[in-house]
Amino acid sequence: MLRLLLLTMFVAALASQIPALLGLTNVEQPVVADTDARPAGKAGGTPPSSPTDGGATIVLPVDPRGHFVSTFRFNGKPVEGMIDTGATAVAINESLARRLGYTANSLDYRFTSRTANGEAKYALILLDRVEIDGIRVSKVEAAVLKDTSLSGTLVGMSFLKRLSSFRVEGDKLYLTR
């Protein structure tokens with residue numbers, strides 16, 4: 001649990017730097033971690049449905065650890081990812097970035113994030129598409145961290161904010177496009 005909290009704080013800190021790095025603000029943003037954020041359930045959510053607004057809705061059950069985890073497709077490749085509403089961006093490690101076609105030469109680790117575990121270098125990329133069941137989002141920002149800094153994949157707000165809605169009801173996470 002402590003490891004997850006530290007990882008969530010790291011990603012929140014990392015993601016808070018993205019607007020400044022992209023020149024969207026000249027003011028340094030405070031780092032705030034949402035420690036009550038529930039990441040996402042095990043692969044095999046309910047199949048997509050079509051609500052009246054025409055968008056797809058999927059439902060992910062909470063896993064035994066209290067997280068929402070599922071199989072996503074990043075640039076067409078399957079990836080196990082945990083939903084983390086406390087993370088500003090999708091966060092992947094270097095090994096996954098290479099599997100997705102980003103070469104070591106294309107990853108510029110010039111950005112630094114301050115976390116509870118100290119500083120970590122990361123690179124920014126743009127994923128062509130992120131998919132889960134019937135939901136597809138194009139051009140999603142992601143932070144690439146060294147394998148030693150991040151072992152799993154976090155699906156943060158750079159994906160979630162592009163949906164029509166997402167909500168937790170009881171032990172289920174609803175994602176609607």
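# A walk through the predicted model

Of the 177 residues of the protein, 47% count as buried, and the model in which they are placed is a predicted one. The chain is organised into 4 helices and 11 strands, and the surface that the protein exposes comes to about 8,900 Å², of which carbon and sulfur atoms supply 51%.

A good place to begin is strand E5, which covers residues 90-93. In a regular strand the side chains alternate between the two faces of the sheet. In strand E5, Val-90 and Ile-92 point one way while Ala-91 and Asn-93 point the other way, and all of these residues are buried. Ala-91, whose place is in strand E5, has a relative accessible area of 0% and counts as buried because that value is under 20%. Ala-91 also comes within 8.4 Å of Gly-152, measured here simply as the C-alpha to C-alpha separation in space, although the two are 61 residues apart in sequence.Strand E5 has a partner further along the chain: E5 and E8 pair in the parallel sense over 4 bridges. At one of these positions, Asn-93 in E5 has Leu-145 in E8 as its bridge partner.

Directly after Asn-93 in the numbering comes Glu-94, which is found in helix H3 (residues 94-99). Is Glu-94 buried or exposed? With a relative accessibility of 12%, Glu-94 counts as buried, and the residues that Glu-94 touches, leaving aside those up to four places away in sequence, are Leu-107, Tyr-109, Val-144, Leu-145, Lys-146 and Asp-147. Leu-145, the bridge partner of Asn-93 in E8, is thus also in contact with Glu-94.

The contact between Glu-94 and Lys-146 leads on to the charged side chains. A search of the whole structure finds 8 salt bridges, and some of these share partners, joining Glu-94, Arg-98 and Lys-146 into one network. Lys-146 has a further neighbour in Tyr-109, since its charged end sits over the ring of Tyr-109 at 4.1 Å from the ring centre. A similar arrangement can be looked up elsewhere in the model, where the charged end of Arg-167 sits over the ring of Tyr-174, 4.3 Å from its centre.

Other salt bridges can be followed one by one. Arg-110 forms a salt bridge with Asp-108, with the closest N and O atoms 3.4 Å apart. In this pair Arg-110 is exposed, having a relative accessible area of 58%, whereas Asp-108, at 41% relative accessibility, counts as partly exposed. Another salt bridge brings together the side chains of Arg-129 and Glu-131, at 3.4 Å from N to O. Here Arg-129 is partly exposed, with a relative accessible area of 24%, while Glu-131 counts as buried at 17% relative accessibility. Because the boundary between buried and partly exposed is drawn at 20%, the values of 24% for Arg-129 and 17% for Glu-131 place the two partners in separate classes.

Which elements does the salt bridge between Asp-128 and Lys-139 connect? The side chains of Asp-128 and Lys-139 meet at 3.7 Å, N to O, and the pair links distant parts of the chain, with Asp-128 in strand E7 (residues 118-132) and Lys-139 in strand E8 (residues 135-145), 11 residues apart. Asp-128 is partly exposed, with a relative accessible area of 41%. Strand E8 therefore appears twice in this account, once as the holder of Lys-139 and once as the strand that pairs with E5 in the parallel sense.

The backbone around E7 and E8 deserves a look as well. Most residues other than glycine have a negative phi, and most peptide bonds are trans. Asp-133, which lies in the loop between E7 and E8, has a phi near 50 degrees, a positive value in a residue other than glycine. Asp-133 is partly exposed, with a relative accessible area of 47%. Lys-139, placed in strand E8, likewise has a positive phi, of about 55 degrees, although Lys-139 is not a glycine.

The aromatic side chains complete the tour. How many aromatic pairs does the structure hold? The count comes to 3 aromatic pairs, and Phe-72, Phe-74 and Phe-159 form one aromatic cluster.

Note on methods
Residues numbered from 1 in each chain as written. Predicted model: local features only at pLDDT ≥ 70, side-chain atom pairs only at ≥ 80, totals over all residues. Heavy atoms only, no water. Salt bridge = Lys/Arg side-chain N within 4 Å of Asp/Glu carboxyl O. Buried < 20%, exposed > 50% of the residue type's maximum accessible area, 1.4 Å probe, protein only. Helix = DSSP H or I, 4+ residues; strand = E, 2+ residues; numbered from the N terminus. Phe/Tyr/Trp six-rings, centres within 6.5 Å; stacked < 30°, edge-to-face > 60°. Lys NZ or Arg CZ within 6 Å of the ring centre and 35° of its normal. Pairing = 2+ DSSP bridges. Areas by Shrake-Rupley, 256 points an atom, 1.4 Å probe, with all protein chains shown as cover. Contact = heavy atoms within 4.5 Å.
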